[in-house]
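Please open the model in your viewer and keep the sequence panel beside it. This tour will suggest what to select at each stop and say what is there.

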Amino acid sequence: YTLGSLPKLVPWATPEEWTAVYNGFFNEDERSRRTALDMVSAWRSRGKLQLAVEATAALVSVKMTDAANDGRTSTLELRHSYAMALARFVNGIADKGQQGEFARSVASLTESVGLPPWLVDVRHDATHNALPSLCVLRLVTTRSLAWLRHRYWQAHLSNVKATQLGVWRGLRQYKKVQLRCMARLREERTRQRRQEGELRR
């Protein structure tokens, strides 16, 4: 399992839409991040999302809740929210890599895709031991988003740009073929009219 492969069927309508979500997620502007989250919600209605997209959305959402917190959300609730998003991220990678007859450990599975060991440790503590402090969870979330940005979003960016270029070239080629066909059709109609005119004489 790798984060570097794009599925053949994707829920985003255009490459530009994917790029807009990427830019929105990693923008300091709250409105841009909210728009990105809304677009991801729309993607869910179209089909299954990639793990990296779901994980990024979950982590960004928790960070936004934390940043906008006016005291209504307790520190414990925030810690649980952070821990849950991080655990789902790590578990998702482990589940994707779990193949074969014998089960492998979460640490070995995540190591195979280059996930930092400290993230696995935090996930283990949050799941089995004492819940990490809010300070630690904030730091780990920030670093996890940086990892996702590098391993998934930036890795896909070149593929998306190539797709955009390919689509543009394909449309341009299609237009050329369409114009040639229309020109031939006009020539054929002109020839037929000429033949009909000669027969009438």
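Before the first selection, one definition is needed: an axis is a line fitted to C-alpha atoms, for helices over the stretch in contact, and an angle between two axes runs from 0 to 180 degrees between N-to-C directions. This is a predicted model, in which local features need pLDDT of at least 70 and side-chain atom pairs count only at pLDDT 80 or more, while totals for chains, interfaces and linings use all residues. Residues are numbered from 1 along each chain as its sequence is written, and side-chain values use heavy atoms, with hydrogens and water left out.

**The whole chain**

Begin with the entire chain in a cartoon view, where there are seven helices and zero strands; helices (H or I, at least four residues) and strands (E, at least two) are DSSP runs, numbered from the N terminus. Now switch on the surface: the accessible surface of the chain comes to about 13,000 Å², of which 52% belongs to carbon and sulfur atoms, and such areas come from the Shrake-Rupley method with a 1.4 Å probe, with only the protein chains shown counting as cover for residues. Of the 201 residues in the chain, 32% are buried, where buried means under 20% relative accessible area, exposed over 50%, and partly exposed in between (1.4 Å probe, protein chains only).

**Helices α2 and α3**

Select α2 and α3 next, whose axes come within 10 Å and cross at roughly 140 degrees. The two helices are therefore oblique to each other, because angles under 35 degrees count as roughly parallel, over 145 as roughly antiparallel, 65 to 115 as roughly perpendicular and the rest as oblique. Show the side chains to see the contact (heavy atoms within 4.5 Å), to which α2 brings residues including Leu37, Val40 and Trp43, and α3 residues including Val53, Ala57 and Met64.

**Helix α1 against α2**

Keep α2 and add α1: these two pack at an angle of about 135 degrees, with their axes 7 Å apart. That angle makes α1 oblique to α2. Among the residues that meet here are Trp18, Val21 and Phe25 in α1 and Ala36, Val40 and Trp43 in α2. Is α1 largely enclosed or largely open? Eight of its eleven residues are buried, so α1 is largely enclosed by the rest of the structure; the buried ones include Pro15, Thr19 and Tyr22.

**The largest nonpolar core**

A nonpolar core is a set of buried Ala, Val, Leu, Ile, Met, Phe, Trp, Tyr and Cys residues joined through side-chain atoms within 4.5 Å. Select Trp18, Phe25, Val40, Trp43, Phe89, Leu115 and Trp153, which touch the most other members among the 42 residues of the largest such core. The elements giving two or more residues to this core are α1 (15-25), α2 (30-46), α3 (51-67), α4 (75-97), α6 (117-128) and α7 (134-200), and α7 gives the most, with ten residues.

**Two leucines to finish**

Centre the view on leucine 86 in helix α4, which is buried, with a relative accessible area of 2%. Leucine 86 and valine 122 are 36 residues apart in sequence and 8.4 Å apart in space, C-alpha to C-alpha. Lastly, move to leucine 134 in helix α7, which counts as buried at 12% relative accessibility. Which residues does leucine 134 touch, not counting residues up to four places away in sequence? Leucine 134 touches Asp66, Thr75, Leu78, Arg79 and Tyr82.
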